Amino acid sequence: MFLILSADDHVSLGQGDDFKSFKLIIEDGSKSLNKVRAALATVAEVIDDKNAWISEAYLRRMPEVYDDDNWQRSLSSMIELAKRYGWVDEERKAIKAHIEWPEAASVKD
């Protein structure tokens, strides 16, 4: 599963039924880290150019999965497994995701 931040700052869900991986993809690799942080302010806490804490509540409220009980249960199972590896922050109520930028991109602060 991954979240995509599009060039126009729209957030969407990709491969929503793959609960074995989790990442954030920034489509516009020329976007500065500060602009990414601003665009994702209600979605994630972007730690650096490699890691972000994605809000569990945001994920659960995404329109494509909000009313899908099976998806919600699968996310809960994924979170329980991720806790074993330190990929869940209970205080933030967030799941750690690595960030992928297009290969040609260089991240600017």
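In which helix do arginine 60 and glutamate 56 both lie, and how many residues apart are they? Both lie in helix H2, which spans residues 56-61, and they are four residues apart, about one turn of the helix. The model examined here is predicted, and this report treats its salt bridges, its largest pocket, a nonpolar surface patch and several loop residues.

## Salt bridges

Eight salt bridges are found when the whole structure is searched. In the pair from helix H2, arginine 60 is joined to glutamate 56, with 2.8 Å between the closest N and O atoms. The two partners fall into separate accessibility classes. Arginine 60 has a relative accessible area of 19%, and because buried means under 20%, this residue counts as buried. Glutamate 56, at 22% relative accessibility, counts as partly exposed.

A second bridge with both partners in a helix is found in H3, where glutamate 80 and lysine 83 are three residues apart, again about one turn of the helix. Their side chains meet with an N to O distance of 2.9 Å. Glutamate 80 is partly exposed at 46% relative accessibility, and lysine 83 is likewise partly exposed, with a relative accessible area of 33%.

The side chains of aspartate 89 and arginine 92 also meet in a salt bridge, at 2.8 Å from N to O. These two residues belong to a network of salt bridges that links them with Glu45. Aspartate 89 counts as buried at 17% relative accessibility, whereas arginine 92 is partly exposed at 35%.

The three pairs described above are set out below.

| Acidic residue | Basic residue | N to O distance |
|---|---|---|
| Glutamate 56 | Arginine 60 | 2.8 Å |
| Glutamate 80 | Lysine 83 | 2.9 Å |
| Aspartate 89 | Arginine 92 | 2.8 Å |

## The largest pocket

How much space lies in the largest pocket? The volume is about 290 Å³. The lining consists of 14 residues, and those nearest the centre of the pocket are Lys20, Ser21, Phe22, Trp87 and Lys96. Helix H3 and strand E7 (94-100) are the elements that give two or more residues to this lining. The largest share comes from E7, with four residues. By chemical class, the lining residues divide into nine nonpolar, three polar and two charged.

## Tryptophan 87 and the nonpolar patch

Tryptophan 87, one of the residues nearest the centre of the largest pocket, also takes part in a surface feature. Together with Leu81 and Tyr85, Trp87 forms a nonpolar patch on the surface, and the three residues have about 350 Å² of accessible area together. In the chain, tryptophan 87 lies in the loop between helix H3 (69-83) and strand E6 (88-89). Its relative accessibility of 45% places tryptophan 87 in the partly exposed class, and patch membership requires over 30%. The 45% of tryptophan 87 is therefore consistent with its place in the patch.

## Loop residues and backbone geometry

Which residues other than glycine have a positive phi? Aspartate 9 is one of them, with a phi of about 70 degrees. Aspartate 9 lies in the loop between strand E1 (2-5) and strand E2 (11-14), where it is partly exposed with a relative accessible area of 37%. Lysine 93 also has a positive phi, near 55 degrees, although this residue is not a glycine. The position of lysine 93 is in the loop between E6 and E7.

Two further loop residues relate to distant parts of the sequence. Glutamate 27 is placed in the loop between strand E3 (23-26) and helix H1 (33-39), and is partly exposed at 45% relative accessible area. Between the C-alpha atoms of glutamate 27 and leucine 5 the distance is 6.0 Å, while 22 residues separate the two along the chain.

Glycine 16 occupies the loop between E2 and E3. Is glycine 16 buried or exposed? With a relative accessibility of 17%, glycine 16 counts as buried. From glycine 16 to aspartate 49 the C-alpha to C-alpha distance is 23 Å, and the two are 33 residues apart in sequence.

Key. Residues numbered from 1 in each chain as written. Predicted model: local features only at pLDDT ≥ 70, side-chain atom pairs only at ≥ 80, totals over all residues. Heavy atoms only, no water. Patch = residues over 30% accessible without salt bridge, like charges linked within 9 Å, V, L, I, M, F, W, Y side chains within 5 Å. Areas by Shrake-Rupley, 256 points an atom, 1.4 Å probe, with all protein chains shown as cover. Salt bridge = Lys/Arg side-chain N within 4 Å of Asp/Glu carboxyl O. Buried < 20%, exposed > 50% of the residue type's maximum accessible area, 1.4 Å probe, protein only. 1 Å grid on protein atoms, 1.4 Å probe; cavity = no way out; pocket = protein on both sides within 12 Å on 5 of 7 lines; lining within 4 Å. Points joined across faces, edges and corners; volume = space filled by probe spheres on them. Nonpolar A, V, L, I, M, F, W, Y, C, P; charged D, E, K, R; others polar.
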